[in-house]
Amino acid sequence: GEAKVFGEAKVYDNAKVSGEAWVSDNAKVSGEAWVSDNAKVFGEAWVSDNAKVSGEAKVFGEAKVFGEAKVYDNAKVS
C-alpha cells in the first residue's frame with residue numbers, strides 16, 4: 001500500500017503498518033500489533049502486543065494501546 005513510517009518512529013518485532021496508514025514522530029508499533037487503513041499513530045504513542053488500529057483512527061500524545069485492544073472507525077486515543 002501507501003503506508004509510511006517516518007521521523008523517529010519505530011516498527012519492530014512482527015508488527016505491521018499497511019494500507020495508507022502512517023506512524024510518525026517518536027511513536028512505536030511492536031509485538032504483533034497492526035496499524036492499517038488510514039490510521040495514524042504519532043507523538044509518543046505506543047501500540048503493542050496484539051492491538052489493532054484501523055479505519056480513520058488516531059492514537060497520539062503519550063497514549064498506549066496494548067493487549068487485544070482494537071481502535072477503529074473515527075476513534076481517537078490520546
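Is Asp73 buried or exposed in this model? At 51% relative accessibility Asp73 counts as exposed, where exposed means over 50% relative accessible area, buried under 20%, and partly exposed in between, computed with a 1.4 Å probe on protein chains only.

Before selecting anything further, keep in mind that this is a predicted model, in which local features need pLDDT of at least 70, side-chain atom pairs count only at pLDDT 80 or more, and totals for chains, interfaces and linings use all residues. Residues are numbered from 1 along each chain as its sequence is written, and side-chain values use heavy atoms, with hydrogens and water left out.

**The whole chain**

Begin with the full protein in a cartoon view, where there are zero helices and 13 strands; helices (H or I, at least four residues) and strands (E, at least two) are DSSP runs, numbered from the N terminus. The radius of gyration of the protein is 10 Å, close to the 12 Å that the globule rule gives for 78 residues, so the protein is as compact as a globular protein of that length. That radius is taken over C-alpha atoms, and the globule rule is 2.2 Å times the number of residues to the power 0.38. If you switch to the C-alpha trace, its span along the principal axes is about 25 × 25 × 20 Å.

Colouring by accessibility next, you will find that 36% of the 78 residues count as buried. The protein exposes about 4,400 Å², of which carbon and sulfur atoms supply 48%; these accessible areas come from the Shrake-Rupley method with a 1.4 Å probe, and for residues only the protein chains shown count as cover. In a contact map, where contact means heavy atoms within 4.5 Å, 1% of the contacts between residues at least 6 apart in sequence join residues at least 24 apart.

**The four-stranded sheet**

Now select β3, β6, β9 and β12, which form an open sheet in that order with parallel pairing; two strands pair if DSSP finds at least two bridges between them. The edge strands are β3 (16-17) and β12 (70-71), each of which pairs on one side only. Zooming in on β3 and strand β6 (residues 34-35), you see a parallel pair joined over two bridges, with Val17 standing opposite Val35 in β6.

From here, move to Ser54, in the loop between β9 (52-53) and β10 (58-59). Ser54 counts as buried because its relative accessibility is 18%. Leaving aside residues up to four places away in sequence, Ser54 touches Ser36, Asp37, Ala39, Val71, Tyr72 and Asp73.

The last of these contacts leads back to the starting residue, Asp73, which lies in the loop between β12 and β13. Its backbone deserves a look, since phi of Asp73 is near 60 degrees, a positive value in a residue other than glycine. Select Asp49 as well, in the loop between β8 (46-47) and β9, where phi is positive at about 60 degrees although Asp49 is not a glycine. Asp49 is partly exposed, with a relative accessible area of 39%.

**The five-stranded sheet**

Which strands make up the sheet of five? They are β1, β4, β7, β10 and β13, forming an open sheet in that order with parallel pairing. β1 (4-5) and β13 stand at the edges with a single partner strand each, so one side of each is left without a neighbour in the sheet. Within this sheet, strand β4 (residues 22-23) and strand β7 (residues 40-41) pair in the parallel sense over two bridges, and the bridge partner of Val23 in β7 is Val41.

Select Ser24 next, in the loop between β4 and β5 (28-29). Ser24 is buried, with a relative accessible area of 3%, and, not counting residues up to four places away in sequence, Ser24 touches Phe6, Ala9, Val41, Phe42 and Gly43.

Then go to Lys76 in strand β13 (residues 76-77), which counts as exposed at 57% relative accessibility. The C-alpha atoms of Lys76 and Lys58 are separated by 4.8 Å, although these residues are 18 apart along the chain. Beyond residues up to four places away in sequence, Lys76 touches Lys58 and Phe60.

**Charges**

Finally, display the charged side chains: there are 10 positive and 13 negative, and the centres of the two sets lie 1 Å apart. Lys and Arg count as positive and Asp and Glu as negative, while His and the chain ends are not counted; the place of a charge is taken as NZ of Lys, CZ of Arg, CG of Asp or CD of Glu.
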